[in-house]
Amino acid sequence: MAEPLTPVPAPGETAIDLHKELAETQVAEVLDELDRELVGLAPVKTRIREIAALLVVDRVRRRMGLTAETPTLHMSFTGNPGTGKTTVALRMAEILYKLGYIRRGHLVSVTRDDLVGQYIGHTAPKTKEVLKKAMGGVLFIDEAYYLYRPENERDYGQEAIEILLQVMENQRDDLVVIFAGYADRMDKFFRANPGFRSRIAHHIDFPDYTDAELMAIGEMMLKSLSYHFDAGGAAAFRDYIAARRKQPHFANARSIRNALDRMRMRQANRHFAHPGLVTLDDLTTITAEDVRASRVFNQDATKPD
Amino acid sequence: MRVTQGCFSFLPDLTDADIRTQVQYCIDKGWAVNIEFTDDPHPRNTYWEMWSLPAFDVKDAAPIMLELDACRKVHGGRKYIRLSGFDSTHGWESVRISFLVGRPQEEPGFILTRNEGGGQAIQYTLQARPLPGASA
Ligand SMILES: Nc1ncnc2c1ncn2[C@@H]1O[C@H](COP(=O)(O)OP(=O)(O)O)[C@@H](O)[C@H]1O
Ligand SMILES: [Mg+2]
């Protein structure tokens, strides 16, 4: 009798329930959490579900002997500041861990300064040290394009790039690298360093949030801190978002977080400024007054907050 | 002469899979794992040479195993190599585990010298025999 071309599944495993498989890994929980806790980001969430599906199938195929190789999992997250790249990378680490593609599930977040040294012979040990810390988990390189400085041909960044490329290729079992940054600059970076492009399996683009999404994010952030807007405060914050977006250094959800910090401070000061007792309601409510005092509403604002 | 010292020393030599498991155990306990080597396996020799830096802050055994491989490329089969787990927590601040992960192909063992002192006194000294190929 001829050997079957593909190995047969283990006894009792002629048919596989992918949904059960997914449930067993508890990845579905992370995906649902992602849906619940992150506002908007529909295309990102879809892509992550697709990647998770691919990995679940890959897991099953490996178990059945259809494939043996570790798939390439390095990714690039592109988008403007504050669009949730770091936050999603943390969840991605959790997903990869639950699916068994990384052994620990931690995320080490670095920028150029953590990888590149100041003098000859400094870069390699620095980069290797970071790689060691990330092994078993995910290495998140924020604004990765700063590694590459073509204007200076002796730039030490090149050394870090070469070590990274080597590890991304040879130690796929040991760590997953996620590059993050602005889409256009990242594109230029990958074009100048084609080695990365071929080693990155998944590109995910993070769109800017709409005003309504930023409002929802703001309300969610406040709620987690046991605050809320009153009607006037909410209306004022909607105006704030619209105005803030047009000003320099707008950073999507991060700008919202910073704005809320300021507003909480103004609220506290408002209570101190008025004599008398405060109620529980006073302590938890952000009003129009707290919002509208922001410099963002001042036409000739130079320093937004 | 097969030198025994540290943990597991009366077991057969650990396989790489065994070593990896022990290293992960140390890491999970929060200990910093060090790689050391020497050509003087005297039990009272505390001055082993370090290979690379102590690995603080790693979460996984992989980087230790990579360094161990690198160390073996240079010293494997020629020197004694050991791993140790250092616990830096207050009150411990010392090595909690230490075990051999490499030994020379040929282990010449120790030599016992007898020194006759004043009167009838005899002093015994144990010294590691030089390893084959050792320069000193
Ligand atoms: N979709 C979202 N829902 C809720 N909070 C968000 C969302 N996106 C970002 N945030 C919050 O905004 C802040 C900035 O996000 P971050 O992931 O650091 O952005 P990036 O890495 O893209 O600059 C974080 O505090 C994060 O919790
Ligand atoms: Mg970020």
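Begin by displaying chain A and chain B together: five residue pairs are in polar contact across their interface, with both partners at pLDDT 80 or more. The model is a predicted one.

**The interface of chains A and B**

Select the contacting residues on both sides; nine belong to chain A and eleven to chain B. The area buried between the two chains is about 910 Å², and carbon and sulfur atoms give 57% of that area. Next, select R104(A), K132(A) and K133(A), which supply 55% of the area that chain A buries against chain B, more than any other three residues. Three salt bridges are counted between the chains. For one that can be inspected directly, show the side chains of R104(A) and D60(B), which meet in a salt bridge with an N to O distance of 2.9 Å.

**Helix α1 of chain A**

Move to residues 18-25 of chain A, which form helix α1. At the start of this helix, display D17(A): one of its side-chain oxygens reaches to within 3.0 Å of the backbone nitrogen of H19(A). Then step to Q26(A), just after α1(A), where phi is positive, at about 60 degrees.

**M168(A) in helix α7**

Select residues 157-170 of chain A, helix α7, and highlight M168(A) within that helix. Is M168(A) buried or exposed? Its relative accessibility is 1%, so M168(A) counts as buried, the cut-off being under 20%. Leaving aside residues up to four places away in sequence, M168(A) touches H74(A), V177(A), F179(A), F196(A), R199(A) and I200(A). Among these, R199(A) is 31 residues from M168(A) in sequence, yet their C-alpha atoms are 7.2 Å apart.

**Helix α10 of chain A**

Finish at helix α10, residues 211-224 of chain A. The C-alpha atoms at its two ends are 20 Å apart, which agrees with the 20 Å that its 14 residues should span at 1.5 Å a residue. Colour the buried residues of α10(A), namely L214(A), M215(A), I217(A), G218(A), M221(A) and L222(A). These residues cover an arc of only 160 degrees around the axis, so they lie on the same side of α10(A).

What do the buried residues of α10(A) pack against? Select β6 (228-229), α11 (231-245), α12 (252-273) and β7 (285-286) of chain A to see their packing partners. Now rotate to the face turned away from the buried side, which carries the exposed residues A212(A), K223(A) and S224(A). The last selection is S226(A), just after α10(A), which takes a positive phi of about 60 degrees.

Technical notes
Residues numbered from 1 in each chain as written. Chains lettered and ligands numbered in written order. Predicted model: local features only at pLDDT ≥ 70, side-chain atom pairs only at ≥ 80, totals over all residues. Heavy atoms only, no water. Helix = DSSP H or I, 4+ residues; strand = E, 2+ residues; numbered from the N terminus. Expected span 1.5 Å × (residues − 1). Buried < 20%, exposed > 50% of the residue type's maximum accessible area, 1.4 Å probe, protein only. Arc of directions from axis to C-beta. Contact = heavy atoms within 4.5 Å. Buried area = accessible area lost by both parts, 1.4 Å probe. Salt bridge = Lys/Arg side-chain N within 4 Å of Asp/Glu carboxyl O. Polar contact = N/O pair within 3.5 Å; in protein donor to acceptor, adjacent residues only side chain to side chain.
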